Amino acid sequence: GVAEGELERVSRAWGIPRIWSTTRGATDALFGGRPWTAPLRLWARHLGTVRERTVLDNHLIRWLHPFWELPFPAALVTTAGTIGQEILPDPDEPWRDKLARARHALRHPGAPLSWHKSSWRESARRSGERRDKN
């Protein structure tokens, strides 16, 4: 029930006009029959089919969303930092587990994210058992 102009004014006042524009474009496409926006086509494909994000979707969201909320130079820095964090293991995660998780993701990019998170550990465990037997 709020006028579009008021929503735009508030988004500018809060410093989030790009986020609001991206959100508005997505809602117009998903619920208003408008053409799909670039974010929906690139990193929010799961919204149109109301499905869980895949492993690939999850990476694309983290890598690309800054370009729709920040100025280009800041988006590049943010994305580079995100990719840098993804290359390294999580805190307290051995490199062996990180590499097993990465291999699993590369083999199953279209798998639902919840399945990936639960099944890579099983894959890593089986791999560890094979190493232990040798």
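Visitor: What volume does the largest pocket have?

Guide: In this predicted model, the volume of the largest pocket is about 650 Å³. Among its 24 lining residues, H59, R62, K98, R101 and A105 are the closest to the centre.

Visitor: What makes a residue count as part of that lining?

Guide: A lining residue has an atom within 4 Å of a point of the pocket. Helices α5, α6, α7 and α8 (113-133) each supply at least two such residues. The largest share, 6 residues, comes from α5.

Visitor: Which kinds of residue make up the lining of the largest pocket?

Guide: The lining divides into 12 nonpolar, 8 charged and 4 polar residues.

Visitor: How do you know that the length of helix α6 agrees with its number of residues?

Guide: Helix α6 (residues 72-87) has 16 residues, which at 1.5 Å a residue should span 22 Å. The end C-alpha atoms of α6 are 22 Å apart, so the two values agree.

Visitor: Why are some residues of α6 called buried?

Guide: Buried means under 20% relative accessible area. In α6, A75, T79, T82 and E86 are buried. These residues cover an arc of only 60° around the axis, which puts them on the same side of α6. An α-helix has 3.6 residues a turn, so residues three or four places apart point the same way.

Visitor: What covers the buried residues of α6?

Guide: The cover includes α5 (55-64) and α7 (95-107).

Visitor: Which exposed residues does the opposite face of α6 carry?

Guide: Exposed means over 50% relative accessible area. The face turned away from the buried side of α6 carries the exposed residues P73, V77, A80, Q85 and I87.

Definitions and conventions. Residues numbered from 1 in each chain as written. Predicted model: local features only at pLDDT ≥ 70, side-chain atom pairs only at ≥ 80, totals over all residues. Heavy atoms only, no water. Helix = DSSP H or I, 4+ residues; strand = E, 2+ residues; numbered from the N terminus. Expected span 1.5 Å × (residues − 1). Buried < 20%, exposed > 50% of the residue type's maximum accessible area, 1.4 Å probe, protein only. Arc of directions from axis to C-beta. Contact = heavy atoms within 4.5 Å. 1 Å grid on protein atoms, 1.4 Å probe; cavity = no way out; pocket = protein on both sides within 12 Å on 5 of 7 lines; lining within 4 Å. Points joined across faces, edges and corners; volume = space filled by probe spheres on them. Nonpolar A, V, L, I, M, F, W, Y, C, P; charged D, E, K, R; others polar.
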